[in-house]
Amino acid sequence: MSNVIPQRMTARIEGDFVVFLIGMRINRPWKVWKWAPVARQMPKMLAELAEQPELGLLHARTHFGLPNILVVQYWRSFEHLHNYATGANALHLPAWQAFNRAVGSNGDVGIWHESYLVKDGAYENVYNNMPPYGLGVAGSLQPAQGRMKSARGRLGQPEIAG
C-alpha cells in the first residue's frame, strides 16, 4: 500500500485522447485450443506497445473476470490506435488474421472493442486513497482542490447553488 495517495486526486491529460476498451469472452471453455491462442496475443501486443511509446499507447490495464477479459487502454490519438491496428509491422494485424482463420464467427470465442474519442477537458475523474490508476497513470495527477473539487468543476461547468 506504499503507493496509495491518501487524499482526493484528479487526473488531467493534455489535449484530446482515446479510451479504447477491448475484450474477449470465452464462450466454450472446454475448447482451450481455440481461446488460449487468442488470450496469449494481448500481452504480447501490450509488451510491444510498452517498448515503443511512439506508437501512442499511454497506459493499459487488464481486468480478468472469467469468462471475460477486458483491457482498458488510453491512446494519444485515434490515428495512433488505428495505425497500430492496421500496421503491417505490428503484432496486431497478424493476430487478427489468425483469429479470423481459427475462430471467425463460429461462437467459440467472442471478441469486442469500443473506442471513445475524448475531447480536451470533456471528462472528469476522482481518485481517493488510491495509487495512480487509470487516467491517473496515462496523464498526471493533481489534488482535487478548488475548482477541481467537484465533478462540475472538473468539467469546467458552473456550480449549481442548492
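In this predicted model, four strands form an open sheet in the order β3-β4-β2-β5, with antiparallel pairing. Strands β3 and β5 (109-118) stand at the edges; each has a single partner strand, so one side of each is left without a neighbour in the sheet. From one strand to the next, the twist averages 15°. In general, the strands of a sheet pair through backbone hydrogen bonds, in either a parallel or an antiparallel manner.

Strand β2 (residues 17-26) may be considered next, through its pairing with two other strands. Ten bridges join β2 to β5, and the two run antiparallel. The register can be followed through individual residues: F17 has V118 of β5 as its bridge partner, while I26 is partnered by V109 of β5. Strand β2 is also joined to β4 by eight bridges, again with the two strands running antiparallel. Within this second pairing, F20 stands opposite Q73 in β4.

How far is β2 enclosed by the rest of the structure? Nine of its ten residues are buried, so β2 is largely enclosed. The cut-off behind this statement is a relative accessible area under 20%.

The connection between β3 (57-65) and β4 (68-75) is a loop that contains P67. Which kind of peptide bond joins L66 and P67? The bond is cis, with an omega of about 20°. As a general rule, most peptide bonds are trans, and most residues other than glycine have a negative phi.

The second part of that rule bears on N129, which is not a glycine and yet has a positive phi of about 55°. N129 belongs to strand β6, which spans residues 127-130. Is N129 buried, exposed or partly exposed? Its relative accessibility is 46%, and N129 therefore counts as partly exposed. That class lies between the limit for buried residues, under 20%, and the limit for exposed residues, over 50%.

On the surface, W30, V32 and W33 make a nonpolar patch of about 400 Å². One of these residues, V32, is found in helix α1, which comprises residues 32-51. V32 has a relative accessibility of 40%, and for that reason it counts as partly exposed.

Taken together, the description runs from the sheet, with β3 and β5 at its edges, through the cis bond between L66 and P67 and the positive phi of N129, to the nonpolar surface patch made by W30, V32 and W33.

Definitions and conventions:
Residues are numbered from 1 along each chain as its sequence is written. This is a predicted model: local features need pLDDT of at least 70, side-chain atom pairs count only at pLDDT 80 or more; totals for chains, interfaces and linings use all residues. Side-chain values use heavy atoms; hydrogens and water are left out. Buried means under 20% relative accessible area, exposed over 50%, partly exposed in between (1.4 Å probe, protein chains only). Patches are made of residues with over 30% relative accessible area and no salt bridge: like charges are joined within 9 Å, nonpolar side chains (Val, Leu, Ile, Met, Phe, Trp, Tyr) within 5 Å. Accessible areas come from the Shrake-Rupley method with a 1.4 Å probe; for residues, only the protein chains shown count as cover. A salt bridge is a side-chain nitrogen of Lys or Arg within 4 Å of a carboxyl oxygen of Asp or Glu. Two strands pair if DSSP finds at least two bridges between them. Axes are lines fitted to C-alpha atoms, for helices over the stretch in contact, and angles run from 0 to 180 degrees between N-to-C directions.
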